[in-house]
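Visitor: I am new to this structure and would like to be shown around. Please put it on the table first.

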Amino acid sequence: MSNKNLNHLHGEKEFLNLSRDREKIIKKTSPKANFEYTANQLAKKLHPKEQFVKVAQIISLNDHVKTFVLQPDESAGTLKLAYFKPGQYISICVEIDGGIYSRPMTLCCSPKCALKGEYRITVYRVENGIVSNFFLDEVKEGFHFKISAPLGDFCYSSIRDHKNVLALANGYGILPFISMAEAIFDDLLDCHLTILYEAKTKEDLVFKEKLDDITCKSKNVTVVYVLSEEDDNEYESGVIDKKLILQFKGEENSYFVSGSTSFYARINDLLKELDIAKKFVRHDLFRGEIELKNDEEFSLTVLCGEDKCTMKCRGSETLLQAMEKNGIAAPNHCHVGVCGFCRSKLISGKVKTIDENIRMADKVYNYVHPCVTYPESDIILQLPN
Ligand code: FES
């Protein structure tokens, strides 16, 4: 800020006096003083670097979907779980066969649960999904995990969003909206939520009972089920289209989109056709599309401080996937190129990457997000320390 502005706001003299007085107070303070500002204490509670949890209960929704109830692992030092906003996720860290894997998992419960000492995540089977299959087949009650603080900004904000929220979901994209619907029911979120929930068949609507229960009790939550591969008069049939959006949207709306990559592409086209301003459209984490030409095997050398490690990485796997498989705990959270946490310097080599969330300066200085970057030659990568 320039001196001119400072003068305008406070007066330069007052400002200089203030900083001189502060210096005097700091000098007088004993170096042993164990003092922490209340704001810093609160920040640590809301955004802990890491949390430790144990699996308290497993609820099987069907053969391929389970909800895991997580509670603080006091033996590892976590006494309370950090509060979260509906729509946020946690990154959960698992060790499987010598590999170290982290995955973002949506918190699918009301924030009220955190106050009671509980998080809920729902895991569904993904073909060849190392972590999802591990959770569904191996994890038992009593298992312990390290998780991140709640993350992400797929959240309703009364100062930014319209009071009418039209949620557009397909498949397991419904998970963040379970949290939002429960938060509305618990009076923690003041908006009207209409969910257009698209699934293939009735069997795929794993949260229908819960959602029906909420819609019966809360006038601020409405759910419209849309079946794409089954006909039933009680449901909308086909896919979410322009007609359905126009039928169920309110006067002024914010649009929240969550689902598969192809779903995002389809819904974004529809919203564009309807002339919806981008500022009223929010997306949950999703990976952009990328065309990969080869599955050749390359060498990936990872530098971190004094350490150096070389491993194999196929053209069809991300640099982060190769590191995970080889037990390298590289920083990461979102896995879709958005959070920037894995940002690393490409020292040498050719890559194919989804760079829509990379800053211009990072592109110039050869920084990449290894979670969405694939090798096209041998690679040397410098990890953040
Ligand atoms: S893990 Fe978030 S950008 Fe890579």
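Visitor: In which helix is the place of lysine 325?
Guide: This is a predicted model, in which local features need pLDDT of at least 70, side-chain atom pairs count only at pLDDT 80 or more, and totals for chains, interfaces and linings use all residues. Residues are numbered from 1 along each chain as its sequence is written, and side-chain values use heavy atoms, with hydrogens and water left out. Helices (H or I, at least four residues) and strands (E, at least two) are DSSP runs, numbered from the N terminus. Lysine 325 belongs to residues 319-325, helix α10.

Visitor: Why does lysine 325 count as partly exposed?
Guide: Buried means under 20% relative accessible area, exposed over 50%, and partly exposed in between (1.4 Å probe, protein chains only). Lysine 325 is partly exposed because its relative accessible area is 43%.

Visitor: Which residues is lysine 325 in contact with, leaving aside its neighbours within four places in sequence?
Guide: Contact means heavy atoms within 4.5 Å. With those neighbours left out, the residues in contact with lysine 325 are Gly98, Gly99, Tyr101 and Glu317.

Visitor: Where is threonine 106, and is this residue buried or exposed?
Guide: Threonine 106 is placed in strand β4 (residues 99-106). Because its relative accessibility is 17%, threonine 106 counts as buried.

Visitor: Which residues of helix α6 does threonine 106 touch?
Guide: Leaving aside neighbours within four places in sequence, threonine 106 is in contact with residues including Tyr89, Arg120, Asp284, Leu175 and Pro176. The buried residues of α6 include Leu175 and Pro176.

Visitor: How many residues of helix α6 are buried?
Guide: Helix α6 spans residues 175-185 and is mostly covered. Among its buried residues are Phe177, Met180 and Glu182. The count of buried residues, out of 11, is 10.

Visitor: What phi does aspartate 187 take?
Guide: Aspartate 187 comes just after α6. Its phi is positive, at about 65°.

Visitor: How many aromatic pairs are there?
Guide: Rings of Phe, Tyr and Trp (its six-membered ring) pair if their centres lie within 6.5 Å; planes under 30 degrees apart count as stacked, over 60 as edge-to-face and the rest as tilted. By this rule, the number of aromatic pairs is 10.

Visitor: Which kind of pair do phenylalanine 68 and phenylalanine 135 form?
Guide: The two rings are 5.2 Å apart, centre to centre, with 85° between the planes, and so the pair is edge-to-face by the rule that planes over 60 degrees apart count as such. It links distant parts of the chain, 67 residues apart: phenylalanine 68 lies in strand β2 (residues 65-72) and phenylalanine 135 in helix α5 (residues 130-137). Both residues are buried, and the pair is edge-to-face.

Visitor: Which residues form one aromatic cluster?
Guide: Phenylalanine 68 and phenylalanine 135 both belong to the cluster. The full set is Phe68, Phe134, Phe135, Phe143 and Phe145.

Visitor: How many helices and strands are in the protein chain?
Guide: Of the 385 residues of the protein chain, 42% count as buried. The C-alpha atoms fill a box of roughly 75 × 55 × 50 Å, taken along the principal axes. The chain has 11 helices and 19 strands.
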